[in-house]
Amino acid sequence: QYPFLQSVNSVYNVAPASKWGLSIVPLYGVFTGYPAVEKIDENTTFSLACTGFVWSIYAMMITPQNAGSRALATVNACMFCVNGYNFYRKQAYLKALEESKK
């Protein structure tokens, strides 16, 4: 009955919309410094980075390629980059903390 809703309500459009939240929130934290580096959860950020990496590769293998599959690849690449950077920040903080204790 509503052809617009049928085209919007697909995995190629809903998945990127929800994953942008998983990319934007950590990116906001990078710029504002909240939460502090010591409060970043390593397991969560590493898991989201790995998920972004795997799904960005998978989204590039989808055939036929369309705007939705490219958006899915883009948002997953962003999720990999942002959460990977947060994981790096946490590891660098822990390394600096260990070196300061010596």
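What follows is a walk through helix α3, the loops on either side of it, the cysteines and a few long-range spacings in a predicted model.

Helix α3 is a good place to start. It runs over residues 42-61, which makes 20 residues. From its first C-alpha to its last it reaches 29 Å, close to the 28 Å expected at 1.5 Å a residue. The buried residues of this helix are Thr45, Leu48, Ala49, Gly52, Ser56 and Ala59. Looking down the axis of α3, these buried residues fall within an arc of 105°, so they line one face of the helix. That fits with general helix geometry: an α-helix has 3.6 residues a turn, so residues three or four places apart point the same way. Over on the other side of α3, Asn43 and Met61 are exposed. Methionine 61 belongs to α3 and counts as exposed because its relative accessibility is 56%, over the 50% cut-off.

Methionine 61 also turns up in a greasy stretch of the surface. Here a nonpolar patch of about 820 Å² is made by Phe53, Val54, Trp55, Ile57, Tyr58, Met60, Met61 and Phe80. Helix α3 gives the largest share of that patch, with 7 residues. So α3 has a buried face lined by residues such as Leu48 and Ala49, and it also supplies the largest share of the nonpolar patch.

Next come the cysteines. The structure holds 0 disulfides. For cysteine 50, the closest cysteine sulfur is that of cysteine 81, and at 13 Å it is too far away for a bond, since a disulfide needs the two sulfurs within 2.5 Å. Cysteine 78 is in no disulfide either, and its nearest cysteine sulfur, again that of cysteine 81, is 6.5 Å away. In terms of exposure, cysteine 50 counts as partly exposed, with a relative accessibility of 33%. Cysteine 78 is partly exposed too, at a relative accessible area of 27%. Both values fall between the 20% and 50% cut-offs, which is why the two residues are classed as partly exposed.

The loops on either side of α3 each carry a cis peptide bond. Most peptide bonds are trans, as a general rule. In the loop between α2 (11-32) and α3 sits proline 35, and the bond joining tyrosine 34 to proline 35 is cis, with omega at about 0°. Proline 64 has its place in the loop between α3 and α4. The peptide bond leading into proline 64 from threonine 63 is cis as well, with omega near -5°.

The α2-α3 loop holds two further residues worth a look. Glycine 33 lies in this loop and is partly exposed, its relative accessible area being 39%. Glycine 33 and methionine 60 are 27 residues apart in sequence, and their C-alpha atoms are 33 Å apart in space. Alanine 36 is found in the loop between α2 and α3 too, and with a relative accessible area of 23% this alanine is partly exposed. From alanine 36 to alanine 67 there are 31 residues in sequence and 36 Å in space, C-alpha to C-alpha.

Helix α4 (residues 67-101) rounds off the picture, with threonine 74 among its residues. Threonine 74 is partly exposed, at 42% relative accessible area. Its C-alpha atom is separated by 15 Å from that of cysteine 50, and the two residues are 24 residues apart along the chain. Glutamine 91 is found in α4 as well. This glutamine is partly exposed, with a relative accessible area of 31%. Glutamine 91 and glutamate 38 are 53 residues apart along the chain, yet their C-alpha atoms are separated by 9.8 Å.

Methods. Residues are numbered from 1 along each chain as its sequence is written. This is a predicted model: local features need pLDDT of at least 70, side-chain atom pairs count only at pLDDT 80 or more; totals for chains, interfaces and linings use all residues. Side-chain values use heavy atoms; hydrogens and water are left out. Helices (H or I, at least four residues) and strands (E, at least two) are DSSP runs, numbered from the N terminus. Buried means under 20% relative accessible area, exposed over 50%, partly exposed in between (1.4 Å probe, protein chains only). The expected span of a helix is 1.5 Å times one less than its number of residues. The arc is that of the directions from the helix axis to the C-beta atoms. Patches are made of residues with over 30% relative accessible area and no salt bridge: like charges are joined within 9 Å, nonpolar side chains (Val, Leu, Ile, Met, Phe, Trp, Tyr) within 5 Å. Accessible areas come from the Shrake-Rupley method with a 1.4 Å probe; for residues, only the protein chains shown count as cover. A salt bridge is a side-chain nitrogen of Lys or Arg within 4 Å of a carboxyl oxygen of Asp or Glu.
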